[in-house]
Amino acid sequence: MSDPNQISFAQAFLCSAFAACFAEFCTIPLDTAKVRLQLQKKGGVDDGNGSPKYRGLLGTIQTIAREEGISALWTGIIPGLHRQCVYGGLRIGLYDPVKTYLVGSAFVGEIPLYHMILAALLTGALAITVANPTDLVKVRLQAEGQLPPGVPRRYSSAMDAYLTILRQEGLGALWTGLGPNITRNAIINAAELASYDQVKRTILKIPGFMDNVYTHLLAGLGAGLFAVFIGSPVDVVKSRMMGDSTYKSTFDCLLKTLFNEGFLAFYKGFLPNFGRVGAWNVVMFLTFEQAKGLFRG
């Protein structure tokens, strides 16, 4: 994220969209497991066994692979790539130009942390407003595996999901959950991008460290940890709002989750979420930095 003036916005958009899509493809099995764990309500049982169907990251992945096949772990990959191309390209591609705008083009020195946070909040909110339909479809397709055996699936493909939602629920339904989604993605974007910049800046001040793959890896892990810790509660609400139409509003989902399942329900799936987001950030930032290097020559 350093040297913001060395590549153009168009180049930054291409780099970030490619990096985000590559990271999405590599880590979506972890995201599918995370969504299933978040949608599994307290007291959910597995065919009368009296125990939760999904247990932990690896257990959830194994259950999905065993019952639905390996390919089910990549359920939602098409809208996931749609989302990352739009959302990833905009939120990351706009980040450096917005930082520069906030401090002024004549600014010299290290950009203050609060300006980095504000820039990431703004670009995250703008990007997900545009990309919300793709996020909705991805969550709906990932939630399909929760249906009991023999119950017909609602959607046959990503495009069928877009058209079915549009036909049955109306255009506005594609922006279901926009409120918590803006909150979640603005916060997580700030946690990821600002913390990546800050961690990378701090590491580079340590003797012996250079702007290379090892620094990018450490900074990416730091960004993922901050993002998951801060964003898990709104992430759980967002997944439930998009995957379960019984909630009347974001506030209704928040209260029912809190009173029925307790505060820790907002951190349900924390470890798989960190596994997913941590891995996603490492892959994305490593790819993004390398792609930027190609444009710089």
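The following paragraphs describe helix packing, nonpolar cores and selected residue environments in a predicted model.

Two nonpolar cores were examined. The largest contains 30 residues. Within this core, Tyr95, Leu193, Met284, Phe285 and Phe288 have the most contacts. Several helices contribute to it. At least two core residues come from each of α1 (9–39), α3 (77–93), α4 (95–103), α5, α7 (178–204), α8 and α10 (270–296). Another core, of 12 residues, lies apart from the largest one. Its members include Leu136, Ala161, Ala173 and Leu174. In soluble globular proteins, nonpolar side chains tend to be buried together.

The packing of α5 against α6 was considered next. Helix α5 spans residues 113–143, and helix α6 spans residues 158–169. Their axes come within 10 Å. The crossing angle is roughly 105°. Angles of 65 to 115 degrees count as roughly perpendicular, and α5 and α6 therefore stand roughly perpendicular to each other. On the α5 side, the contact involves Pro133, Thr134, Leu136, Val137, Arg140 and Leu141. These residues meet Ala158, Ala161, Tyr162, Ile165 and Glu169 of α6. By class, the contact residues of the two helices comprise eight nonpolar, one polar and two charged. Leu136 and Ala161 take part in this contact, and both also belong to the 12-residue core.

Ile165 illustrates the α6 side of the packing. This residue lies in helix α6. Its relative accessibility is 0%, so Ile165 counts as buried. Beyond neighbours within four places in sequence, Ile165 touches Leu136, Val137 and Arg140. Tyr155, Gly170, Ala173 and Leu174 are also among its contacts. Of these partners, Leu136, Ala173 and Leu174 are members of the 12-residue core. Val130 is 35 residues from Ile165 along the chain, and the two C-alpha atoms are separated by 17 Å.

Asp135 occupies a position in helix α5. Its relative accessibility is 0%; the cut-off for burial is under 20%, and Asp135 therefore counts as buried. With neighbours within four places in sequence set aside, its contacts are Arg83, Ile128, Asn181, Asn185, Lys238 and Met242.

A further set of polar contacts centres on Arg240. This residue is located in helix α8, which covers residues 213–243. Arg240 has 1% relative accessibility and so counts as buried. Its side chain makes a polar contact with the side chain of Glu261 at 2.6 Å. A polar contact of 3.4 Å links the side chain of Arg240 to that of Thr257.

Thr257 itself is placed in helix α9, residues 250–261. At 1% relative accessibility, Thr257 is likewise classed as buried. Apart from neighbours within four places in sequence, Thr257 is in contact with Arg240, Tyr247, Gly262, Ala265 and Phe266. Asp96 is 161 residues from Thr257 in sequence. In space, their C-alpha atoms are 37 Å apart.

Two residues with greater solvent access complete the description. Asn212 is found in the loop between α7 and α8. Its relative accessibility of 27% falls between the cut-offs of 20% and 50%, so Asn212 counts as partly exposed. The side chain of Asn212 reaches the backbone nitrogen of Tyr214 at 3.2 Å. Asn212 and Asp135 are 77 residues apart along the chain, with C-alpha atoms separated by 32 Å.

Tyr101 belongs to helix α4. At 69% relative accessibility, Tyr101 is over the 50% cut-off and therefore counts as exposed. His115 is 14 residues from Tyr101 along the chain. The C-alpha atoms of Tyr101 and His115 are separated by 9.9 Å.

Technical notes. Residues numbered from 1 in each chain as written. Predicted model: local features only at pLDDT ≥ 70, side-chain atom pairs only at ≥ 80, totals over all residues. Heavy atoms only, no water. Axes fitted to C-alpha atoms, helices over the stretch in contact; angles between N-to-C directions. Helix = DSSP H or I, 4+ residues; strand = E, 2+ residues; numbered from the N terminus. Parallel < 35°, antiparallel > 145°, perpendicular 65-115°, else oblique. Contact = heavy atoms within 4.5 Å. Nonpolar A, V, L, I, M, F, W, Y, C, P; charged D, E, K, R; others polar. Buried < 20%, exposed > 50% of the residue type's maximum accessible area, 1.4 Å probe, protein only. Polar contact = N/O pair within 3.5 Å; in protein donor to acceptor, adjacent residues only side chain to side chain. Core = buried A, V, L, I, M, F, W, Y, C linked by side-chain atoms within 4.5 Å.
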